[in-house]
Amino acid sequence: MSAKQQLHRYRAPDERAAEERAWSAVRGAYREITPRQRTRVSRVPAGILVTSIALVISAVLLSDLRSADRRSRVSAISTSAARALSGSQALVTDETQSRLLIVSLPSGRIAHSVPVPADPEDIAASGNGGVVVVVSSAAGKVTIINRDTLRVVKTFGGFEQPHIDAISPDGAYAYVTDDSRGTLTVIRLSDLKVTDTVAVGVGAHHLAFSPTMRTVWVALGENAQRITTLSTIQRGARGAGAVPDPGHPHVVGHFTPGFPAHDLGFSPDGRTVWVTSAAGSDVTAFDSRTHRVRFRVPVGAPPQHLAFEGRFAYLTSGYGSMIEKVSARTGHVVARARAPYGSFELAAADGYVVSASLLRGTLAIYTPNLKLVRVVSLAPATREVAISRP
Amino acid sequence: MRRRRSDRSLIAGALAGTESDVELLFRRHWPRAYRAAFLIVHDHAAAEDVAQEAFVAAVRRLGSFDRRRPFAPWLGAIVANRAIDLLRARSARREVTEIELEQPSAAAPPLGRYSEDLLAALAALTPEQRMVVVMRYVLEYTPGEIAHALELPRGTVNSRLRRGLDTLESYLGEATE
């Protein structure tokens, strides 16, 4: 067979799976940059036509007044188009080499690396674009990195042993726990100022925002016997109309889960808080209001970690080499896959699920249904992972 | 029986906000784009990245695309240029090692009967030769379309094709005509 014929007949393996992954990304990009489908009006009654013409004339007369608004919309479209140009990336903390790795998905190629203070553990990204917050425990520092330029824009010192960070659902604040000092520090991301530091209890570790940002839970320790609950609603303000102020949370109570707790997270509907165990093999979902157990999900050896995406929770057992996809409403396991040993942390977004193995230095990349795409070796120890686009 | 819609019609639909038209366009052109990227970069993961990023870039630029021109060569040029950019950047960038899980969930599909020989032969070409050979014989563009898409003189495209085919022929030990 000639070279031409061979080239013509060549079929790459895994074409179909690659096509489905790529379509997911292309569809996402298309939805970001394309206006909604236009509605066709076949026949327009004369009265409505006159009214419409009047509205159009009014709109034209007002157009100068709105030019600034239009500019901002054009700018927003350009920004989202720019984001769409770049695919999804996993952000991974390379703990022993003190770097933040930017890894292309789904290939697993290291696209960039950013030096950060010693012992980077946790990472949080404020959605697509915005900033990345990296917590370096040994250095006692928190680094804010511009997601687009990947430049460090500010480093906060003065922590003793910061461990976990989380960004408020509106992307406006970063919360950082310091387990030695027993504090929760609040950083406003618009001007990079610390707005508050709240004493929550020694051992402050994993934390979670409710979807409405009205409530925050902080586990006191990696084997937490107690969980501190905070409110962002001003003292004295009541009812559903009270506006949350994530810049100034305050402690409202404590909760004893009945087992040593580790990671925690609110379900997307805010009705349950899922608490992983530092001693048992189950993840427990508590009613967020009554604190009663709603259901338990068997996962594997402790400690487990969790992430929510859409209607599902993803749960890992690092020592059990397991990752599960679970209905966030019922707790039923819908998919399960093996993960590299030591895959404690995970992230789920943009049509990917990823887990980083602290003990193998790998990143495992899955589809949302936990079909393994590939496992890549990135560094001696990869701890935390997030997914975002520039 | 319904007639197959033209690329031009699908692009018009896509620009009007019809997602199903984007999907039809994507599925029509994905296999060749992915195949071409793979034959240039010789790495499935990187090829997937290249083809995916090319489609995303194409979708983003649909508004400025001249619909009188054929869509496929335009997309093919984006794929080929991105694949070449990746090859050039590779030496300057640390590559990661892909490993297998202790119990892999699924075996990787085997390469085709001729694939190993073909890939070895393609690896012997310069990236520029590989690009025009793949565009000509995988994407099936004419030398004129390749010249236009890559902004190269027609003679340069023809000479790269000739040299590329000669090299492939010597590696594969087959007559190319």
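**Figure 1. Chain B reads α-α-α-α-β-α-α-α-α along its sequence.** The model shown here and in the other views is predicted. Chain B holds eight helices and one strand. Its length is 177 residues, and 38% of them are buried. Now take the contacts of chain B with a separation of 6 or more. Residues 24 or more positions apart supply 65% of these contacts.

**Figure 2. Helices H1 and H2 of chain B pack against each other.** General terms come before the details. A pair of packed helices is described by the angle between the axes and by the distance between them. Helix H1 of chain B covers residues 7-15, and helix H2 of chain B covers residues 19-41. The packing angle is about 140 degrees, and the axes lie 7 Å apart. H1(B) is therefore oblique to H2(B), because an angle has to be over 145 degrees to count as roughly antiparallel. The crossing of H1(B) past H2(B) is left-handed. From H1(B), the contact involves B:Asp7, B:Leu10, B:Ile11, B:Gly13 and B:Ala14. They meet B:Asp21, B:Val22, B:Leu24 and B:Leu25 of H2(B).

**Figure 3. B:Glu151 carries a positive phi in a loop of chain B.** The phi value is about 55 degrees, and B:Glu151 is not a glycine. The loop runs between helix H7 (143-150) and helix H8 (154-172) of chain B. Is B:Glu151 buried or exposed? B:Glu151 counts as exposed, because it has 8 C-beta neighbours inside 10 Å and the cut-off for exposed is 12 or fewer.

**Figure 4. Chain A contains four helices and 28 strands.** Chain A has 390 residues, of which 48% count as buried. For contacts in chain A with a separation of 6 or more, 45% come from residues 24 or more positions apart.

**Figure 5. Helix H2 of chain A spans the length expected for its residue count.** The helix runs over residues 15-33, 19 residues in total. What span should these residues give at 1.5 Å a residue? The expected figure is 27 Å, because the count used is one less than the number of residues. The end C-alpha atoms of H2(A) are 27 Å apart, so the two values agree. Several positions along H2(A) are buried. They are A:Ala18, A:Arg21, A:Ala22, A:Ala25, A:Val26, A:Ala29, A:Tyr30 and A:Ile33.

**Figure 6. Four strands of chain A form an open sheet.** The strand order is S12-S13-S14-S15, and the pairing is antiparallel. Strand S12 (204-209) and strand S15 (250-255) of chain A are the edge strands, each pairing on one side only. From one strand to the next, the twist averages 25 degrees. Strand S14 of chain A spans residues 227-231 and runs antiparallel to S15(A). How many bridges join S14(A) to S15(A)? There are five. A:Thr228 stands opposite A:His254 of S15(A).

**Figure 7. Strand S24 of chain A is largely enclosed by the rest of the structure.** The strand covers residues 343-349. Seven of its seven residues are buried, which is why S24(A) is described as largely enclosed. Six bridges join S24(A) to strand S25 (residues 352-357) of chain A, and the two run antiparallel. A:Glu345 has A:Ala356 of S25(A) as its bridge partner. The hairpin of S24(A) and S25(A) has two residues between the strands. In this hairpin, A:Asp350 takes a positive phi near 55 degrees.

**Figure 8. Two cis peptide bonds in loops of chain A are shown here.** One joins A:Leu105 and A:Pro106, with omega about 10 degrees. A:Pro106 sits in the loop between strand S2 (99-104) and strand S3 (110-115) of chain A. The other bond runs from A:Pro302 to A:Pro303, with omega near -5 degrees. Where is A:Pro303 found? A:Pro303 is in the loop between strand S19 (293-298) and strand S20 (304-309) of chain A.

**Figure 9. A:Leu370 has a positive phi in a residue other than glycine.** Its phi is near 65 degrees. A:Leu370 lies in the loop between strand S26 (362-366) and strand S27 (372-377) of chain A. A:Leu370 has 19 other C-beta atoms within 10 Å, so it is partly exposed; buried would require 20 or more.

Conventions:
Residues are numbered from 1 along each chain as its sequence is written. Chains are lettered from A and ligands numbered from 1 in the order in which they are written. This is a predicted model: local features need pLDDT of at least 70, side-chain atom pairs count only at pLDDT 80 or more; totals for chains, interfaces and linings use all residues. Two strands pair if DSSP finds at least two bridges between them. Axes are lines fitted to C-alpha atoms, for helices over the stretch in contact, and angles run from 0 to 180 degrees between N-to-C directions. Two residues are in contact if their C-beta atoms, placed from the backbone, lie within 7 Å. Angles under 35 degrees count as roughly parallel, over 145 as roughly antiparallel, 65 to 115 as roughly perpendicular and the rest as oblique. A crossing is left-handed if the near helix is turned anticlockwise from the far one by less than a right angle, and right-handed if clockwise.
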